Amino acid sequence: MSGEVTVTGFGVRTAFGTGADALRRGVFAGVPSFAATTRFDTGPYRTAMAGVAGDGPGGVEGWALRYALAECGDEALAMAGLAPGAEAAVLLGVAGDHTSVTRYWRGAGSDGRCGSDVAGCAHAAEPQMSQPRAPEKHPVRGASTDAGRVAGAVRATDSGRVADAGPAAGRERVTGARPPTDPARATDARPVEAGRVGDAMPADARRVADAVPARLTELLAGELGLTGPRLTFTNACVASAAAIIHACRLISSGRIDVAVCAGGYLVEEETFGKFDSGRALSRDGMVRPFSADRSGLLLGDGVAVVVLESAEHARRRGARPLAGVVGWGAASDAHHIAQPHPEGVGLARAARQAMRLAGDPDGAALDYVNAHGTGTKYNDGAETRGLRAAFPERAESIPVSSTKSTTGHLLEAAGVVEFVITMLALTDGVLPPTAGFTTPDPECDLDYVPNEPRRADLRRALTVNAAFGGANTALVLERP
(Lines give C-alpha, C1' and ligand atoms only; values in the text may rest on other atoms or scores of the structure.)
Protein backbone atom coordinates (compact mmCIF):
# COMPACT_ATOMS: atom_id res chain seq x y z
CA MET A 1 0.00 0.00 0.00
CA SER A 2 2.85 2.41 0.86
CA GLY A 3 3.53 4.97 -1.86
CA GLU A 4 0.50 4.16 -4.03
CA VAL A 5 -0.79 7.70 -3.58
CA THR A 6 1.79 10.45 -3.33
CA VAL A 7 1.73 14.20 -2.72
CA THR A 8 3.72 16.21 -5.27
CA GLY A 9 2.68 19.81 -4.63
CA PHE A 10 0.79 22.14 -2.32
CA GLY A 11 -0.17 25.75 -1.76
CA VAL A 12 -1.47 27.08 1.55
CA ARG A 13 -2.72 30.33 3.06
CA THR A 14 -3.67 31.02 6.68
CA ALA A 15 -3.76 34.05 8.94
CA PHE A 16 0.05 33.75 9.12
CA GLY A 17 0.41 34.37 5.40
CA THR A 18 1.04 32.29 2.31
CA GLY A 19 3.30 29.26 2.03
CA ALA A 20 5.09 26.76 4.25
CA ASP A 21 7.40 29.29 5.88
CA ALA A 22 4.42 31.24 7.18
CA LEU A 23 3.18 28.06 8.87
CA ARG A 24 6.61 27.46 10.34
CA ARG A 25 6.69 31.00 11.81
CA GLY A 26 3.21 30.67 13.26
CA VAL A 27 1.84 27.16 13.74
CA PHE A 28 5.15 25.43 14.43
CA ALA A 29 6.34 28.23 16.71
CA GLY A 30 3.13 28.00 18.75
CA VAL A 31 2.11 31.61 18.07
CA PRO A 32 -1.68 32.15 18.06
CA SER A 33 -2.98 34.26 15.16
CA PHE A 34 -6.01 35.70 16.92
CA ALA A 35 -6.88 39.38 16.81
CA ALA A 36 -9.99 41.54 16.86
CA THR A 37 -11.36 41.50 13.33
CA THR A 38 -12.69 44.63 11.66
CA ARG A 39 -13.96 42.93 8.50
CA PHE A 40 -17.48 43.46 9.79
CA ASP A 41 -19.17 45.01 12.79
CA THR A 42 -18.57 42.64 15.68
CA GLY A 43 -20.53 44.77 18.15
CA PRO A 44 -23.54 42.43 18.28
CA TYR A 45 -21.38 39.40 19.03
CA ARG A 46 -19.82 37.95 22.17
CA THR A 47 -16.29 38.28 20.80
CA ALA A 48 -14.45 40.09 18.03
CA MET A 49 -11.54 37.65 17.85
CA ALA A 50 -10.58 35.47 14.90
CA GLY A 51 -7.50 34.18 13.10
CA VAL A 52 -7.58 36.55 10.14
CA ALA A 53 -5.14 37.94 7.60
CA GLY A 54 -5.52 41.05 5.45
CA ASP A 55 -8.03 42.46 7.89
CA GLY A 56 -10.27 45.46 7.50
CA PRO A 57 -13.65 45.93 5.80
CA GLY A 58 -12.06 44.95 2.47
CA GLY A 59 -10.17 42.00 3.94
CA VAL A 60 -12.46 39.43 2.38
CA GLU A 61 -14.09 41.64 -0.23
CA GLY A 62 -10.73 42.48 -1.82
CA TRP A 63 -9.41 38.92 -1.51
CA ALA A 64 -12.39 36.77 -2.29
CA LEU A 65 -12.31 33.03 -1.71
CA ARG A 66 -12.12 32.44 -5.46
CA TYR A 67 -8.84 34.37 -5.62
CA ALA A 68 -7.32 32.68 -2.58
CA LEU A 69 -8.09 29.25 -4.04
CA ALA A 70 -6.58 30.24 -7.40
CA GLU A 71 -3.42 31.56 -5.71
CA CYS A 72 -2.89 28.36 -3.74
CA GLY A 73 -3.72 26.28 -6.79
CA ASP A 74 -1.09 28.06 -8.88
CA GLU A 75 1.51 27.37 -6.18
CA ALA A 76 0.54 23.70 -5.89
CA LEU A 77 0.70 23.07 -9.65
CA ALA A 78 4.01 24.91 -9.96
CA MET A 79 5.52 22.83 -7.15
CA ALA A 80 4.22 19.63 -8.73
CA GLY A 81 5.44 20.66 -12.17
CA LEU A 82 2.05 20.12 -13.83
CA ALA A 83 1.60 21.91 -17.13
CA PRO A 84 -1.49 23.90 -18.18
CA GLY A 85 -4.17 21.71 -19.68
CA ALA A 86 -3.26 18.71 -17.53
CA GLU A 87 -5.86 15.99 -17.08
CA ALA A 88 -6.62 16.11 -13.35
CA ALA A 89 -9.70 15.78 -11.21
CA VAL A 90 -10.55 18.80 -9.05
CA LEU A 91 -12.11 18.05 -5.67
CA LEU A 92 -13.02 20.98 -3.41
CA GLY A 93 -14.34 21.10 0.15
CA VAL A 94 -16.21 24.36 0.62
CA ALA A 95 -19.51 25.83 1.78
CA GLY A 96 -19.38 28.72 -0.67
CA ASP A 97 -18.37 32.34 -0.24
CA HIS A 98 -21.19 34.09 1.61
CA THR A 99 -19.56 37.51 1.94
CA SER A 100 -21.36 39.01 -1.01
CA VAL A 101 -24.69 37.50 0.02
CA THR A 102 -24.48 39.18 3.42
CA ARG A 103 -23.41 42.52 1.97
CA TYR A 104 -25.99 42.33 -0.80
CA TRP A 105 -28.95 41.81 1.50
CA ARG A 106 -27.71 44.39 3.98
CA GLY A 107 -27.58 46.96 1.21
CA ALA A 108 -23.82 47.44 1.37
CA GLY A 109 -23.29 47.13 -2.38
CA SER A 110 -20.79 49.34 -4.13
CA ASP A 111 -23.50 51.82 -5.20
CA GLY A 112 -25.20 51.90 -1.79
CA ARG A 113 -28.51 50.39 -2.97
CA CYS A 114 -30.24 47.77 -0.87
CA GLY A 115 -30.56 44.20 -2.02
CA SER A 116 -34.19 44.56 -3.07
CA ASP A 117 -33.36 47.67 -5.10
CA VAL A 118 -30.56 45.85 -6.88
CA ALA A 119 -32.78 42.88 -7.57
CA GLY A 120 -35.46 45.20 -8.89
CA CYS A 121 -32.94 46.91 -11.14
CA ALA A 122 -31.87 43.58 -12.55
CA HIS A 123 -35.48 42.56 -13.11
CA ALA A 124 -36.38 45.82 -14.83
CA ALA A 125 -33.37 45.61 -17.09
CA GLU A 126 -33.96 41.97 -18.06
CA PRO A 127 -34.62 41.60 -21.81
CA GLN A 128 -38.06 40.50 -23.01
CA MET A 129 -38.57 36.76 -23.38
CA SER A 130 -38.71 37.16 -27.16
CA GLN A 131 -35.17 38.52 -27.13
CA PRO A 132 -32.68 35.76 -26.28
CA ARG A 133 -30.16 36.83 -23.68
CA ALA A 134 -26.50 36.26 -24.42
CA PRO A 135 -24.76 34.06 -21.86
CA GLU A 136 -22.78 35.91 -19.23
CA LYS A 137 -19.06 36.15 -19.85
CA HIS A 138 -16.76 34.27 -17.51
CA PRO A 139 -15.45 36.23 -14.50
CA VAL A 140 -12.37 34.00 -14.66
CA ARG A 141 -11.85 32.69 -18.14
CA GLY A 142 -12.45 28.98 -18.43
CA ALA A 143 -15.07 28.90 -15.69
CA SER A 144 -18.77 28.84 -16.46
CA THR A 145 -21.11 31.32 -14.76
CA ASP A 146 -24.21 30.67 -16.84
CA ALA A 147 -27.06 30.27 -14.39
CA GLY A 148 -28.35 27.11 -16.03
CA ARG A 149 -24.87 25.57 -16.02
CA VAL A 150 -24.37 26.33 -12.34
CA ALA A 151 -27.80 25.03 -11.40
CA GLY A 152 -27.18 21.86 -13.36
CA ALA A 153 -23.79 21.45 -11.75
CA VAL A 154 -25.16 21.22 -8.25
CA ARG A 155 -26.19 17.62 -7.74
CA ALA A 156 -26.60 17.91 -3.98
CA THR A 157 -26.08 20.44 -1.23
CA ASP A 158 -27.04 18.31 1.77
CA SER A 159 -24.28 17.77 4.31
CA GLY A 160 -22.13 14.82 3.40
CA ARG A 161 -23.20 14.64 -0.25
CA VAL A 162 -21.22 15.51 -3.34
CA ALA A 163 -21.89 18.14 -5.99
CA ASP A 164 -20.48 17.35 -9.43
CA ALA A 165 -19.55 20.36 -11.48
CA GLY A 166 -18.80 18.32 -14.59
CA PRO A 167 -15.77 18.21 -16.89
CA ALA A 168 -14.37 21.21 -18.68
CA ALA A 169 -12.41 19.92 -21.66
CA GLY A 170 -10.28 22.41 -23.47
CA ARG A 171 -10.39 25.14 -20.84
CA GLU A 172 -7.86 27.91 -21.23
CA ARG A 173 -5.46 28.36 -18.33
CA VAL A 174 -5.29 31.92 -17.07
CA THR A 175 -2.51 32.47 -14.56
CA GLY A 176 -2.17 35.31 -12.10
CA ALA A 177 -5.84 35.89 -11.30
CA ARG A 178 -5.67 38.20 -8.31
CA PRO A 179 -7.98 40.51 -6.42
CA PRO A 180 -8.40 43.97 -7.94
CA THR A 181 -6.23 46.77 -6.63
CA ASP A 182 -9.27 48.79 -5.57
CA PRO A 183 -11.39 46.74 -3.14
CA ALA A 184 -14.11 49.39 -3.22
CA ARG A 185 -14.75 48.62 -6.88
CA ALA A 186 -16.10 45.46 -8.45
CA THR A 187 -14.26 42.36 -7.33
CA ASP A 188 -15.34 40.46 -10.42
CA ALA A 189 -12.32 39.90 -12.66
CA ARG A 190 -14.19 39.96 -15.96
CA PRO A 191 -13.90 42.77 -18.53
CA VAL A 192 -16.65 45.38 -18.55
CA GLU A 193 -19.11 45.16 -21.43
CA ALA A 194 -21.34 48.22 -21.80
CA GLY A 195 -25.10 47.89 -21.75
CA ARG A 196 -25.32 44.53 -20.01
CA VAL A 197 -27.52 43.84 -17.00
CA GLY A 198 -24.72 42.38 -14.92
CA ASP A 199 -22.52 45.42 -15.46
CA ALA A 200 -25.23 47.71 -14.06
CA MET A 201 -25.29 45.68 -10.86
CA PRO A 202 -22.95 46.10 -7.88
CA ALA A 203 -20.09 43.67 -7.44
CA ASP A 204 -21.89 42.10 -4.48
CA ALA A 205 -24.84 41.16 -6.68
CA ARG A 206 -22.58 39.73 -9.38
CA ARG A 207 -20.70 37.63 -6.83
CA VAL A 208 -23.75 36.30 -4.97
CA ALA A 209 -23.47 33.11 -7.04
CA ASP A 210 -20.11 32.41 -5.36
CA ALA A 211 -22.20 31.17 -2.43
CA VAL A 212 -22.96 28.08 -4.57
CA PRO A 213 -20.18 25.63 -3.62
CA ALA A 214 -19.99 23.95 -7.05
CA ARG A 215 -19.43 27.34 -8.70
CA LEU A 216 -16.16 27.76 -6.78
CA THR A 217 -15.00 24.34 -7.97
CA GLU A 218 -15.78 25.36 -11.54
CA LEU A 219 -13.92 28.64 -11.10
CA LEU A 220 -10.88 26.91 -9.61
CA ALA A 221 -10.68 24.24 -12.30
CA GLY A 222 -11.09 26.84 -15.04
CA GLU A 223 -8.45 29.11 -13.57
CA LEU A 224 -5.97 26.24 -13.32
CA GLY A 225 -6.78 24.97 -16.80
CA LEU A 226 -7.51 21.43 -15.60
CA THR A 227 -9.65 19.20 -17.77
CA GLY A 228 -10.74 16.36 -15.50
CA PRO A 229 -13.97 15.83 -13.53
CA ARG A 230 -14.96 18.18 -10.71
CA LEU A 231 -16.47 17.25 -7.36
CA THR A 232 -17.61 19.54 -4.55
CA PHE A 233 -17.86 18.36 -0.93
CA THR A 234 -20.05 20.28 1.50
CA ASN A 235 -19.93 18.07 4.59
CA ALA A 236 -18.84 20.77 7.01
CA CYS A 237 -15.54 20.44 8.86
CA VAL A 238 -14.51 17.20 7.16
CA ALA A 239 -15.25 18.53 3.65
CA SER A 240 -11.69 18.94 2.36
CA ALA A 241 -10.48 15.81 4.17
CA ALA A 242 -13.34 13.91 2.51
CA ALA A 243 -12.20 15.35 -0.84
CA ILE A 244 -8.70 13.97 -0.24
CA ILE A 245 -10.06 10.56 0.79
CA HIS A 246 -12.24 10.35 -2.31
CA ALA A 247 -9.28 11.31 -4.49
CA CYS A 248 -7.16 8.60 -2.86
CA ARG A 249 -9.84 6.03 -3.61
CA LEU A 250 -10.03 7.14 -7.25
CA ILE A 251 -6.25 7.05 -7.65
CA SER A 252 -5.69 3.75 -5.84
CA SER A 253 -8.41 2.09 -7.94
CA GLY A 254 -6.77 3.27 -11.15
CA ARG A 255 -9.69 5.47 -12.22
CA ILE A 256 -7.56 8.63 -12.33
CA ASP A 257 -3.85 9.43 -12.16
CA VAL A 258 -3.90 12.98 -10.76
CA ALA A 259 -6.20 14.88 -8.41
CA VAL A 260 -6.08 18.47 -7.20
CA CYS A 261 -7.74 18.59 -3.77
CA ALA A 262 -8.60 21.87 -2.07
CA GLY A 263 -10.53 23.49 0.72
CA GLY A 264 -11.28 27.06 1.63
CA TYR A 265 -12.84 29.24 4.29
CA LEU A 266 -12.25 32.93 4.97
CA VAL A 267 -13.79 34.43 8.11
CA GLU A 268 -17.02 36.25 7.30
CA GLU A 269 -20.06 37.40 9.22
CA GLU A 270 -22.57 34.75 8.10
CA THR A 271 -20.81 31.84 9.80
CA PHE A 272 -19.29 33.95 12.57
CA GLY A 273 -22.79 34.94 13.68
CA LYS A 274 -23.99 31.35 13.67
CA PHE A 275 -21.13 30.09 15.84
CA ASP A 276 -21.64 33.06 18.16
CA SER A 277 -25.34 32.24 18.48
CA GLY A 278 -24.41 28.68 19.42
CA ARG A 279 -22.09 30.06 22.14
CA ALA A 280 -19.22 28.07 20.65
CA LEU A 281 -16.73 30.95 20.40
CA SER A 282 -14.12 31.55 23.07
CA ARG A 283 -14.71 34.91 24.74
CA ASP A 284 -11.19 35.53 26.03
CA GLY A 285 -9.44 35.51 22.65
CA MET A 286 -7.62 32.19 23.15
CA VAL A 287 -8.20 28.61 22.10
CA ARG A 288 -6.95 26.09 24.67
CA PRO A 289 -7.53 22.57 23.33
CA PHE A 290 -7.44 19.76 25.90
CA SER A 291 -6.99 22.19 28.83
CA ALA A 292 -9.32 22.08 31.82
CA ASP A 293 -10.23 25.76 31.35
CA ARG A 294 -10.93 25.58 27.60
CA SER A 295 -13.88 27.77 26.70
CA GLY A 296 -14.48 27.38 22.99
CA LEU A 297 -13.11 27.81 19.50
CA LEU A 298 -12.27 30.77 17.29
CA LEU A 299 -12.66 30.85 13.51
CA GLY A 300 -9.72 31.39 11.18
CA ASP A 301 -8.76 31.94 7.56
CA GLY A 302 -7.65 28.82 5.76
CA VAL A 303 -7.15 27.88 2.12
CA ALA A 304 -5.00 25.04 0.77
CA VAL A 305 -4.57 23.01 -2.40
CA VAL A 306 -2.66 19.72 -2.68
CA VAL A 307 -1.72 17.69 -5.74
CA LEU A 308 -2.13 13.92 -5.36
CA GLU A 309 -0.87 11.40 -7.91
CA SER A 310 -0.43 7.70 -8.32
CA ALA A 311 3.16 6.89 -7.39
CA GLU A 312 3.71 5.38 -10.83
CA HIS A 313 2.46 8.48 -12.62
CA ALA A 314 4.69 10.71 -10.49
CA ARG A 315 7.72 8.51 -11.26
CA ARG A 316 7.04 8.54 -14.99
CA ARG A 317 7.15 12.30 -15.16
CA GLY A 318 9.98 12.70 -12.67
CA ALA A 319 7.99 14.47 -9.96
CA ARG A 320 9.49 14.67 -6.47
CA PRO A 321 7.29 12.96 -3.84
CA LEU A 322 6.68 15.08 -0.76
CA ALA A 323 4.80 12.41 1.20
CA GLY A 324 2.85 9.22 0.68
CA VAL A 325 -0.80 8.89 1.65
CA VAL A 326 -0.85 5.33 2.90
CA GLY A 327 -4.17 5.10 4.72
CA TRP A 328 -7.56 6.75 4.91
CA GLY A 329 -10.86 6.18 6.68
CA ALA A 330 -14.27 7.77 7.12
CA ALA A 331 -17.05 6.96 9.58
CA SER A 332 -20.16 8.43 11.16
CA ASP A 333 -21.30 7.99 14.75
CA ALA A 334 -24.78 9.48 14.01
CA HIS A 335 -24.95 10.51 17.65
CA HIS A 336 -26.04 14.16 17.55
CA ILE A 337 -26.37 16.98 15.05
CA ALA A 338 -23.68 19.09 16.75
CA GLN A 339 -21.99 16.97 19.43
CA PRO A 340 -19.59 14.06 18.92
CA HIS A 341 -20.29 10.71 20.47
CA PRO A 342 -18.98 11.03 24.04
CA GLU A 343 -16.72 8.01 23.55
CA GLY A 344 -15.38 9.19 20.19
CA VAL A 345 -16.82 6.14 18.44
CA GLY A 346 -16.81 7.61 14.94
CA LEU A 347 -13.32 9.02 15.21
CA ALA A 348 -11.95 5.73 16.51
CA ARG A 349 -13.61 3.82 13.67
CA ALA A 350 -12.19 6.16 11.02
CA ALA A 351 -8.70 6.00 12.55
CA ARG A 352 -8.77 2.20 12.69
CA GLN A 353 -9.84 2.04 9.03
CA ALA A 354 -6.96 4.29 8.02
CA MET A 355 -4.41 2.36 10.04
CA ARG A 356 -5.57 -1.02 8.71
CA LEU A 357 -5.23 0.27 5.16
CA ALA A 358 -1.74 1.48 6.05
CA GLY A 359 -0.87 -2.06 7.20
CA ASP A 360 -0.50 -1.03 10.84
CA PRO A 361 -3.78 -1.74 12.65
CA ASP A 362 -2.31 -1.27 16.12
CA GLY A 363 -0.50 1.96 15.29
CA ALA A 364 2.87 0.46 16.16
CA ALA A 365 4.64 2.71 13.63
CA LEU A 366 2.58 5.85 14.28
CA ASP A 367 4.66 8.80 15.47
CA TYR A 368 2.21 11.71 15.71
CA VAL A 369 -1.50 12.62 15.59
CA ASN A 370 -2.75 16.00 14.40
CA ALA A 371 -5.98 16.15 16.37
CA HIS A 372 -9.23 17.88 15.49
CA GLY A 373 -8.87 19.64 18.87
CA THR A 374 -11.42 22.46 18.70
CA GLY A 375 -10.99 23.55 22.32
CA THR A 376 -14.68 22.99 23.05
CA LYS A 377 -16.09 21.20 26.08
CA TYR A 378 -17.55 18.28 24.14
CA ASN A 379 -14.94 17.67 21.44
CA ASP A 380 -11.69 17.31 23.34
CA GLY A 381 -12.72 14.71 25.89
CA ALA A 382 -14.54 12.65 23.26
CA GLU A 383 -11.54 12.85 20.95
CA THR A 384 -9.18 11.71 23.69
CA ARG A 385 -11.38 8.69 24.41
CA GLY A 386 -11.64 7.98 20.68
CA LEU A 387 -7.85 7.93 20.30
CA ARG A 388 -7.55 5.64 23.31
CA ALA A 389 -10.09 3.30 21.72
CA ALA A 390 -8.24 3.35 18.39
CA PHE A 391 -4.81 2.71 19.95
CA PRO A 392 -5.43 1.04 23.33
CA GLU A 393 -1.83 -0.11 23.75
CA ARG A 394 -0.07 3.01 22.46
CA ALA A 395 -2.27 6.07 23.01
CA GLU A 396 -0.24 7.45 25.91
CA SER A 397 3.03 7.24 23.98
CA ILE A 398 1.87 8.95 20.77
CA PRO A 399 2.26 12.76 20.72
CA VAL A 400 -1.00 14.55 19.90
CA SER A 401 -1.46 18.24 19.20
CA SER A 402 -4.13 20.64 17.99
CA THR A 403 -2.98 23.26 15.50
CA LYS A 404 -6.36 25.00 15.77
CA SER A 405 -4.83 26.55 18.88
CA THR A 406 -2.86 28.79 16.49
CA THR A 407 -4.83 28.92 13.22
CA GLY A 408 -8.33 28.82 14.62
CA HIS A 409 -11.00 26.52 13.24
CA LEU A 410 -10.86 26.62 9.43
CA LEU A 411 -14.15 24.77 8.96
CA GLU A 412 -14.34 23.22 5.47
CA ALA A 413 -10.64 23.97 4.94
CA ALA A 414 -9.51 22.35 8.20
CA GLY A 415 -8.81 18.94 6.68
CA VAL A 416 -6.56 20.05 3.84
CA VAL A 417 -4.69 22.76 5.79
CA GLU A 418 -3.99 20.33 8.63
CA PHE A 419 -2.97 17.73 6.03
CA VAL A 420 -0.30 20.21 4.85
CA ILE A 421 0.74 20.95 8.44
CA THR A 422 1.08 17.22 9.16
CA MET A 423 3.15 16.76 6.01
CA LEU A 424 5.48 19.60 7.09
CA ALA A 425 5.87 17.95 10.50
CA LEU A 426 7.12 14.80 8.74
CA THR A 427 9.39 16.81 6.44
CA ASP A 428 10.91 19.01 9.14
CA GLY A 429 10.95 16.52 12.00
CA VAL A 430 9.12 18.98 14.25
CA LEU A 431 5.91 18.45 16.22
CA PRO A 432 3.67 21.54 16.16
CA PRO A 433 2.57 22.39 19.71
CA THR A 434 -0.83 22.80 21.28
CA ALA A 435 -0.60 26.52 22.05
CA GLY A 436 -2.37 28.07 25.03
CA PHE A 437 -2.25 24.86 27.06
CA THR A 438 -2.75 25.61 30.75
CA THR A 439 -4.22 23.24 33.36
CA PRO A 440 -4.45 19.55 32.42
CA ASP A 441 -7.96 18.12 32.24
CA PRO A 442 -8.31 14.70 33.90
CA GLU A 443 -10.49 13.66 30.94
CA CYS A 444 -7.74 14.65 28.49
CA ASP A 445 -4.73 12.67 29.61
CA LEU A 446 -2.53 12.20 26.54
CA ASP A 447 0.72 13.87 25.44
CA TYR A 448 -0.53 17.10 23.83
CA VAL A 449 2.88 18.70 23.08
CA PRO A 450 2.01 21.72 25.25
CA ASN A 451 3.02 25.22 24.14
CA GLU A 452 6.46 24.47 22.65
CA PRO A 453 7.46 22.68 19.42
CA ARG A 454 9.32 19.43 19.82
CA ARG A 455 11.97 17.79 17.64
CA ALA A 456 11.15 14.21 16.68
CA ASP A 457 12.16 11.60 14.12
CA LEU A 458 8.83 11.17 12.38
CA ARG A 459 8.05 8.52 9.81
CA ARG A 460 4.26 8.26 9.94
CA ALA A 461 1.55 10.62 11.13
CA LEU A 462 -2.23 10.60 11.39
CA THR A 463 -4.49 13.62 10.91
CA VAL A 464 -8.12 13.40 12.01
CA ASN A 465 -11.15 15.65 11.63
CA ALA A 466 -14.76 15.64 12.79
CA ALA A 467 -17.89 17.52 11.72
CA PHE A 468 -21.47 18.23 12.67
CA GLY A 469 -23.73 15.27 12.10
CA GLY A 470 -21.17 12.81 13.44
CA ALA A 471 -18.87 12.69 10.39
CA ASN A 472 -15.23 11.69 10.99
CA THR A 473 -12.19 11.33 8.75
CA ALA A 474 -8.65 10.03 9.16
CA LEU A 475 -5.60 10.21 6.87
CA VAL A 476 -2.20 8.55 7.35
CA LEU A 477 0.85 10.24 5.81
CA GLU A 478 4.29 8.74 5.44
CA ARG A 479 7.65 10.40 4.85
CA PRO A 480 9.07 9.33 1.44
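Biologist: I have this predicted model open. How many residues does helix H14 have, and what span does it reach?

Modeller: Good place to begin! Helix H14 covers residues 377-390, which is 14 residues. From its first C-alpha to its last it reaches 21 Å, close to the 20 Å expected at 1.5 Å a residue.

Biologist: Which residues of H14 are buried?

Modeller: Here is the general idea to keep in mind. An α-helix has 3.6 residues a turn, so residues three or four places apart point the same way. In H14, the buried residues are Asn379, Asp380, Gly381, Ala382, Glu383, Thr384, Gly386, Leu387 and Ala390.

Biologist: And what covers the buried residues of H14?

Modeller: The cover includes helix H13 (345-357), along with strands S11 (368-370), S12 (400-401) and S15 (460-467).

Biologist: Let me follow up on H13. At what angle do H13 and H14 pack?

Modeller: In general, two packed helices are described by the angle between their axes and the distance between the axes. For H13 and H14 the angle is about 40°, and the axes are 8 Å apart. H13 passes H14 in a right-handed crossing.

Biologist: Which residues meet there?

Modeller: From H13 come Leu347, Ala348, Ala351 and Arg352, and they meet Glu383, Gly386, Leu387, Ala389 and Ala390 of H14. Sorted by class, this contact of H13 with H14 has six nonpolar, one polar and two charged residues.

Biologist: Now a backbone feature. What is phi of Ala236 near?

Modeller: First the general picture: most residues other than glycine have a negative phi, and most peptide bonds are trans. Ala236 has a positive phi, near 55°, and it is a residue other than glycine. Look for Ala236 in the loop between strand S7 (230-233) and helix H10 (239-252).

Biologist: Arg279 also caught my eye. Where is Arg279 found?

Modeller: Arg279 lies in the loop between helix H11 (269-277) and strand S9 (302-310). Its phi is positive too, about 55°, although Arg279 is not a glycine.

Biologist: Are these two buried or exposed?

Modeller: Ala236 counts as buried because its relative accessibility is 16%, under the 20% cut-off. Arg279 has a relative accessible area of 59%, so it is exposed, the cut-off for that being over 50%.

Biologist: One last residue. Where is the place of Thr473, and is it buried or exposed?

Modeller: Thr473 is in strand S16 (residues 471-478). With a relative accessible area of 4%, Thr473 is buried. Leaving aside neighbours within four places in sequence, the contacts of Thr473 include Val238, Ala241, Ile245, Gly329, Ala350 and Val464.

Definitions and conventions:
Residues numbered from 1 in each chain as written. Predicted model: local features only at pLDDT ≥ 70, side-chain atom pairs only at ≥ 80, totals over all residues. Heavy atoms only, no water. Helix = DSSP H or I, 4+ residues; strand = E, 2+ residues; numbered from the N terminus. Expected span 1.5 Å × (residues − 1). Buried < 20%, exposed > 50% of the residue type's maximum accessible area, 1.4 Å probe, protein only. Contact = heavy atoms within 4.5 Å. Axes fitted to C-alpha atoms, helices over the stretch in contact; angles between N-to-C directions. Left-handed = near helix turned anticlockwise from the far one by under 90°. Nonpolar A, V, L, I, M, F, W, Y, C, P; charged D, E, K, R; others polar.
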